[in-house]
Amino acid sequence: MTVTSAPALDVERLRRDFPVLQRTLHGRPLVYLDSAATSQKPLAVLDAMERYYHTSNANVHRGVHTLGNEATDAFEAGRVRVAEFIDGDPSGLVFVRNATEGLNLVASSYGRELLRPGDRIVLTVMEHHSNLVPWQLAAERAGLEIAYIDVDDDGLLRQEDVDRFLQPPTKLVAMSHQSNVLGAINDVAGITRRAHEIGAVVCIDAAQSVPHMPVSVRELDVDFLAFSGHKMCGPMGIGALWARPELLERMPPFLAGGSMISRVSLERTTWNTVPHKFEAGTPDVASVVGLVAACDYLDGVGLAAIHQHELSLTRHMLDVLDEVGEVTVYGPTADFDRGGAVSFNLADVHAHDVGTILDREGVAVRAGHHCAQPLMRRFDVAATARASVYLYNTHAEVDALGAALGEVRRVFRV
Amino acid sequence: MANMAASFTPVDDDLYREIILDHYRRPRHKHAVVPADRTVEANNPLCGDEIDLTLRFDGDDVAEIGFEGRGCSISQASASMLCEAVAGLPADDARMLAHRFRDMLKGEGDDSDIGDLEALSGVRAYPMRVKCATLAWNALLQALDSDDTAVNET
């Protein structure tokens with residue numbers, strides 16, 4: 001999974017695959033720097049979903065007619081394809097709405113049901129609320145202790161906390177692969193090795209890593225890994241949880257209803273096999289088809305090349321922010337591997353004001369607490385602006401961010 | 001795209017007017033009134049703006065009013081300008097002013113003769129920011145009309 005010597009992307013050609021990138025904002029070309037919130041969608045994904053509804057739409061795993069069979073085939077082939085994308089066993093691949101739902105599934109069905117009072121779960125202060133609040137709920141209901149690994153001023157996990165907390169009675173570690181705020185990439189393989197030494201399982205929020213770099217659950221050796229389709233060129237409303245099938249076997253169902261049962265009587269109900277046990281109700285088949293098209297698209301471009309491109313853009317962005325002046329960056333700034341999300345503040349200007357002025361200049365960034373309020377407190381800020389890049393962004397767009405930040409300085413006289 | 005700097009909008013900004021930046025950087029009445037007859041904590045959980053409004057009555061008049069909080073320039077300047085406008089007003093006049101201010105941001109009513117507060121009318125062109133401007137005013141109405149102490153904008 002090293003990312004050396006990937007071929008450079010033909011970004012101008014790729015941009016033509018994304019219709020929304022042709023639009024203008026307030027008379028200026030759109031500069032979309034908010035892909036960490038959601039990515040734009042290529043025509044291949046939009047076309048695949050439309051084709052599904054035009055030709056094969058039917059409910060899955062029900063009935064005997066041809067369309068039903070085609071829809072079921074598309075759905076189950078999607079499971080195999082998406083599992084392959086993260087190098088995992090398809091029988092551990094559960095389709096969910098998004099990473100949040102996948103993480104809630106693990107917190108509820110594993111954390112709350114299979115852990116015991118006094119067990120410890122370890123999180124980090126950089127977690128998105130989606131990998132934080134479900135664990136707080138599970139801990140409260142199951143009597144679990146929570147410990148938080150802090151970050152240093154560069155936004156990297158503090159090694160002494162890792163050493164201190166990866167000890168008994170820790171039974172589970174839940175952490176992000178790549179921070180949605182700081183862009184820091186965590187050493188998931190290393191922490192997983194240590195967790196397994198003490199008999200703890202590891203649950204990874206991979207919403208910010210799976211879209212942007214090669215991720216192999218086999219190489220990382222993690223036990224649970226959740227991600228969202230909409231951040232990886234796929235549609236909104238579909239995501240996946242990958243889990244070791246033997247853990248899914250032991251876990252009670254999360255949502256109940258159709259599809260997830262084997263036999264139902266008024267007295268007793270038995271569960272369908274894994275992973276179907278965790279897929280209650282009619283799934284979003286068209287979005288699975290769209291997610292498959294997204295996997296094909298990203299593999300066609302090459303995840304290693306995408307990561308290299310983002311690294312190059314991010315380094316350029318850090319230089320541009322430095323040139324703008326009065327900018328404070330939160331997260332790693334040294335010249336090493338990091339993700340393409342860069343959080344910052346400009347002088348005493350609030351992030352929302354930065355966001356509003358950038359929008360007027362055609363530049364779309366996120367502003368706020370990024371669903372990571374504990375991390376905001378850790379850096380003693382109320383909010384930050386965040387620019388995040390993807391395969392379709394250019395160095396010229398990063399320059400446009402710099403120019404627009406100059407406008408912020410002018411309006412706010414800083 | 002690299003030549004964007006050449007086409008900057010003019011200094012006279014339709015949203016970030018001088019008086020707004022001034023109230024943001026030098027907020028008036030930014031303190032808690034102690035003891036207070038009313039305390040209202042207003043939050044916009046979507047963007048994290050926080051305004052804690054405290055006020056003391058003298059009969060039917062708002063004798064003293066102050067705010068604490070943090071957030072964007074619009075939310076904080078609006079709170080500062082509110083306190084300046086409302087301090088010493090009869091409660092009925094303060095309530096009427098709050099309604100006129102909210103109407104102004106909805107593009108309704110007559111916003112002449114609303115004094116410095118007219119400077120915030122530029123927010124109308126930025127629908128995502130209207131709640132920043134109204135947060136403190138909703139807190140004021142709550143303080144005047146009810147004993148509840150929390151305002152949550154969603």
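In this predicted model, A:Asp10 is partly exposed, its relative accessible area coming to 42%. Its salt-bridge partner is A:Arg13, with 3.7 Å between the closest N and O atoms. That arginine is partly exposed as well, at 44% relative accessibility.

A second pair, A:Asp119 and A:Lys171, also meets through its side chains, here with an N to O distance of 3.3 Å. This one ties together distant parts of the chain, as the two residues sit 52 positions apart. A:Asp119 belongs to the loop between helix H4 (99-114) and strand E5 (120-124) of chain A, while A:Lys171 is part of strand E7 (residues 170-176). The two ends of the bridge fall into separate accessibility classes: A:Asp119 has a relative accessibility of 11%, so it counts as buried, whereas A:Lys171 is partly exposed at 32%. The cut-off behind the first call is simple, since buried means under 20% relative accessible area.

What about contacts from one chain to the other? A:Arg413 forms a salt bridge with B:Glu18, and the closest N and O atoms are 2.2 Å apart. This pair crosses between chains, running from the segment after helix H14 (395-412) of chain A to helix H1 (residues 18-25) of chain B. On the chain A side, A:Arg413 counts as partly exposed, with 42% relative accessibility. Charged side chains also team up in a group: A:Arg81, A:Glu84, A:Asp296 and A:Asp299 are linked in a network of salt bridges. Over all chains, the count comes to 35 salt bridges.

Other acidic residues gather at the surface instead. A:Asp319, A:Asp322, A:Glu323 and A:Asp399 form a negative surface patch. Helix H11 of chain A (residues 303-324) supplies the largest share of this patch, namely 3 residues. A:Glu323 lies in that helix, H11, and is exposed, with a relative accessible area of 68%. For A:Glu323 the label follows from the cut-off, because exposed means over 50% relative accessible area.

Just past that helix comes a backbone oddity. A:Glu326 lies in the loop between H11 and strand E13 (327-330) of chain A, and its phi is near 65°, a positive value in a residue other than glycine. A:Glu326 counts as partly exposed, at 49% relative accessibility. A:Ser259 shows a positive phi too, of about 75°, although this residue is not a glycine. A:Ser259 is found in the loop between helix H9 (245-250) and strand E11 (261-264) of chain A. With 21% relative accessibility, A:Ser259 is partly exposed.

The peptide bonds hold a couple of points worth listing as well. A:Pro168 and A:Pro169 are joined by a cis peptide bond, with omega at about 5°. A:Pro169 sits in the loop between helix H6 (159-165) and E7 of chain A, and E7 is the strand that carries A:Lys171. In chain B, the bond from B:Val34 to B:Pro35 is cis, omega being near -5°. B:Pro35 is placed in the loop between H1 and strand E1 (38-44) of chain B, and H1 is the helix that holds B:Glu18.

Turning to the interior, A:Ala226 is located in strand E9 (residues 224-228) of chain A. At 0% relative accessibility, A:Ala226 counts as buried. Its C-alpha atom is 13 Å from that of A:Asp87, a residue 139 positions away along the chain.

As for the chains as wholes, chain A has 14 helices and 17 strands. Its radius of gyration is 22 Å, close to the 22 Å that the globule rule gives for 414 residues, so chain A is as compact as a globular protein of that length. Along the principal axes, the C-alpha atoms of chain A fill a box of roughly 70 × 55 × 40 Å. Of the 414 residues in chain A, 59% are buried.

Chain B has 4 helices and 4 strands. Read from the N terminus on, its elements run α-β-β-β-α-α-α-β. Buried residues account for 44% of the 154 residues in chain B.

Notes: Residues numbered from 1 in each chain as written. Chains lettered and ligands numbered in written order. Predicted model: local features only at pLDDT ≥ 70, side-chain atom pairs only at ≥ 80, totals over all residues. Heavy atoms only, no water. Patch = residues over 30% accessible without salt bridge, like charges linked within 9 Å, V, L, I, M, F, W, Y side chains within 5 Å. Areas by Shrake-Rupley, 256 points an atom, 1.4 Å probe, with all protein chains shown as cover. Salt bridge = Lys/Arg side-chain N within 4 Å of Asp/Glu carboxyl O. Lys, Arg positive; Asp, Glu negative; His and termini not counted. Charge placed at Lys NZ, Arg CZ, Asp CG, Glu CD. Buried < 20%, exposed > 50% of the residue type's maximum accessible area, 1.4 Å probe, protein only. Rg over C-alpha atoms; globule rule 2.2 N^0.38 Å.
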